[in-house]
Amino acid sequence: MDVTTRFVELVALVLREHADRAGLSGAELARRSGVSQGQISRIFAGKRTVSVDHVVALASVFGLLGSD
């Protein structure tokens, strides 16, 4: 597994864990973040490279900085 693939999977894991802890569905996360539900689904599945803008938008829903 290459470094980029592993990174995408780790980002997906962290975002899924925060969503689960917050009890947020993909639809609610999409509504709150402005990232489409389809994109969130692909991110959570590790099938989409996550843009910095999306990381920041999703992190803000959880009260985090993108760097967290």
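# Notebook: salt bridges and helix packing

I started with the charged side chains and found that Glu28, Arg31 and Arg32 are linked in a network of salt bridges. A reminder to myself before going on: this is a predicted model, and every value here is computed from it.

**Entry 1: the pair inside the network.** I looked up Glu28 and Arg31 and found a salt bridge whose closest N and O atoms are 2.6 Å apart. Both residues belong to helix H2, which covers residues 26-33, and they sit 3 residues apart, about one turn of the helix. Is Arg31 buried or exposed? Arg31 counts as exposed, with 61% relative accessibility.

**Entry 2: the rest of the salt bridges.** How many salt bridges does the structure hold? I get 4, so I went on to helix H1, residues 3-22.

- Glu9 and Arg6 form a salt bridge, with 3.8 Å between the closest N and O atoms. That passes the cut-off, because a salt bridge needs the nitrogen within 4 Å of a carboxyl oxygen.
- Why can these two meet? Glu9 and Arg6 are 3 residues apart in H1, which means a separation of about one helical turn.
- I then checked their surroundings: Glu9 is partly exposed at 29% relative accessibility, and Arg6 is partly exposed too, at 42%.
- Arg21 and Glu17 make another salt bridge, at 3.7 Å from N to O.
- Arg21 and Glu17 lie 4 residues apart in H1, again about one helical turn.
- Here the exposure classes split: Arg21 is exposed at 63%, while Glu17 is partly exposed at 36%.

The spacing has a simple background: an α-helix has 3.6 residues a turn, so residues three or four places apart point the same way.

**Entry 3: the chain as a whole.** Next I stepped back from the side chains. The chain has 4 helices and 0 strands, and along the sequence the pattern reads α-α-α-α. I checked the overall size as well: a compact globule of 68 residues would have a radius of gyration near 11 Å, and the chain agrees with its own 11 Å. Along the principal axes, the C-alpha atoms fill a box of roughly 30 × 25 × 20 Å. As for burial, 32% of the 68 residues count as buried. I also looked at sequence range: taking contacts between residues at least 6 apart in sequence, 51% join residues at least 24 apart.

**Entry 4: H2 against H3.** I returned to H2, this time for its packing. H2 and H3 pack at an angle of about 120°, and their axes are 8 Å apart. Their crossing is right-handed. Which residues make the contact? From H2 I noted Gly26, Ala27, Leu29, Ala30 and Ser33, and from H3 Gln37, Ile40 and Phe44. By type, this contact of H2 with H3 has 5 nonpolar residues, 3 polar and no charged. So the contact has no charged residue, whereas Glu28 and Arg31, also in H2, are paired in a salt bridge.

**Entry 5: H4.** Last, I looked up helix H4, residues 52-61. Its buried residues are His54, Val55, Ala57, Leu58, Ala59 and Val61. What do the buried residues of H4 pack against? They pack against H1, H2 and H3, the last being residues 37-44. Just after H4 I spotted Gly63, which takes a positive phi of about 75°.

Notes: Residues numbered from 1 in each chain as written. Predicted model: local features only at pLDDT ≥ 70, side-chain atom pairs only at ≥ 80, totals over all residues. Heavy atoms only, no water. Helix = DSSP H or I, 4+ residues; strand = E, 2+ residues; numbered from the N terminus. Buried < 20%, exposed > 50% of the residue type's maximum accessible area, 1.4 Å probe, protein only. Contact = heavy atoms within 4.5 Å. Axes fitted to C-alpha atoms, helices over the stretch in contact; angles between N-to-C directions. Left-handed = near helix turned anticlockwise from the far one by under 90°. Nonpolar A, V, L, I, M, F, W, Y, C, P; charged D, E, K, R; others polar. Rg over C-alpha atoms; globule rule 2.2 N^0.38 Å.
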